[in-house]
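Visitor: I should like a close look at a single part of this structure, a helix together with the residue that comes after it. Please set that part in the context of the chain as you proceed.

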Amino acid sequence: MPQLCDLAIHVNGQQIFFLNQKILSAYSGKFKKIIRQEKRKSQIKISSIGIDNFPGGPDGFEMVSRFCYNHGEIKITVSNVALLHSCAVFLGMTENLSTGNLLKQTETFLDGVIDWSWHDIIASLKSCESFFTYSDTSGLVEKLIFSLLEKLAQNSDIATLIASSSSSSSSPETASRFRFSSSAKTTPESNKPGSSSKQWWFDDLIVLPPMIIEKGGAKGTVLYSRADYAGLASTAVHGVSRNSFSCRGLFSVLRVVSGFGLTRDCRAKLEKLIGAMLDQATLDDLLVSGHDDRGVFDVNLVIRLIRIFVNGDFLSPQKLKKVGRLIDKYLCEISPDQNLKTSKLLGVAESLPDSARDCFDGVYKAIDIYLQIEVECHLNLAIGMVWLTSLLAFV
């Protein structure tokens, strides 16, 4: 055993692995370099090293260890490929060390993403949440998002997407390309009471973490041109406009495509669809991250949606009051934002007619919170100036 396990590796300060130096060095350039450097420093046989910020923590490291001890073989699936790829990048597991190394295997697997089902891509993206920085920097997140947009762009016929989604439990090795079918009976979700096969599709996007949903094509490693993203996003929106989706599903679509250079016309069409059913929205739906005014939330978007709703046809008093209650909750949610301009806060409040509210308690509460934050900010600034003045006088 001393000969087999001659190195203790502390992973993220959470767990210790006892492994063999030669076996790890045969596959990992990072380990090979660390071990060589440590030997030069100590001039003796090293016994332990520490690794921090390892993607996936002990679970990720255990999978990599199994790969090394199994002569470079491991079962790769849509659920673990993102983690294995990130680990391989982190450890420098390239072809320079071993033919068919882990990085090559995961890249080959990911090349088949075009054959993955809708749910396969969603599952793989979801798995990136705990090690997002690594999967994002390597371009993996962008690759998966681009593939997701391709699915949206290529399948405006929802029945086609449903046929593919029914194979969500299968791996890319067995999953076929999208099959053109007019039947949705094979999809469990379509059999839910009160559900529509045209509504659950984009609702699947809700399971994705916000940092993935709102990632723009211009950020991180650019694998594809902005024109490619813009074209796919616009095509996806065109397909959406021809079908019926839930309000939450449309908000998810907006989050996904808004960062990819969506044309003004396509964005307007998508916002028109959302605004028409604003009475079905929830507070979480409205909390879209802001970009233009450095604020926490995209207040301008909500103002546009309110105006579309108010100016829509067949507007009932019940729907109007429901939106009024929703917007008052939204006002209270955004009012603590220190970067929120007064004009924006009032703009949201004044976008609704008076008939949308039985009383203005919600508006007054939001304004009160906003003013308290403003007073505190100015007070802190004043205290800071007094402290600085006193310090300068002392010096």
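Guide: In this predicted model, helix α3 is followed by H71, a residue whose phi is positive, near 60°. The helix itself covers residues 57–69. Its 13 residues reach 19 Å from the first C-alpha to the last, which is close to the 18 Å expected at 1.5 Å a residue. The buried residues of α3 include G57, P58 and G60 towards the beginning of the list, and they continue with F61, M63, V64, S65, F67 and C68.

H71 belongs to the loop between α3 and α4, the latter spanning residues 81–91. Most residues other than glycine have a negative phi. H71 is not a glycine, yet its phi is positive, at about 60°. Its relative accessibility is 67%, and H71 therefore counts as exposed, the cut-off for that class being over 50%.

A second residue with a positive phi is N12, at about 55°, and N12 is likewise not a glycine. N12 is found in the loop between strands β1 (7–11) and β2 (15–19). At 25% relative accessibility, N12 counts as partly exposed.

A loop residue with another degree of exposure is R357, placed between α18 and α19 (361–394). Its relative accessibility is 8%, so R357 counts as buried, the limit for that class being under 20%. Leaving aside residues up to four places away in sequence, R357 touches K321, I327, D328, L331, A349, L352 and V363.

Helix α18, which precedes that loop, also takes part in a helix pair. The axes of α16 (residues 299–310) and α18 (residues 342–350) come within 9 Å and cross at roughly 20°. The two helices are therefore roughly parallel to each other, and α16 passes α18 in a left-handed crossing. On the α16 side the contact is made by V299, N300, I303 and I306, and on the α18 side by K344, G347 and V348.

As for the wider setting, the chain contains 19 helices and three strands. Of its 395 residues, 47% count as buried. Among contacts with a separation of 6 or more, 72% are between residues 24 or more positions apart. The accessible surface of the chain comes to about 20,300 Å², and carbon and sulfur atoms account for 55% of that surface.

How values were computed
Residues are numbered from 1 along each chain as its sequence is written. This is a predicted model: local features need pLDDT of at least 70, side-chain atom pairs count only at pLDDT 80 or more; totals for chains, interfaces and linings use all residues. Side-chain values use heavy atoms; hydrogens and water are left out. Helices (H or I, at least four residues) and strands (E, at least two) are DSSP runs, numbered from the N terminus. Buried means under 20% relative accessible area, exposed over 50%, partly exposed in between (1.4 Å probe, protein chains only). Contact means heavy atoms within 4.5 Å. Accessible areas come from the Shrake-Rupley method with a 1.4 Å probe; for residues, only the protein chains shown count as cover. The expected span of a helix is 1.5 Å times one less than its number of residues. Axes are lines fitted to C-alpha atoms, for helices over the stretch in contact, and angles run from 0 to 180 degrees between N-to-C directions. Angles under 35 degrees count as roughly parallel, over 145 as roughly antiparallel, 65 to 115 as roughly perpendicular and the rest as oblique. A crossing is left-handed if the near helix is turned anticlockwise from the far one by less than a right angle, and right-handed if clockwise.
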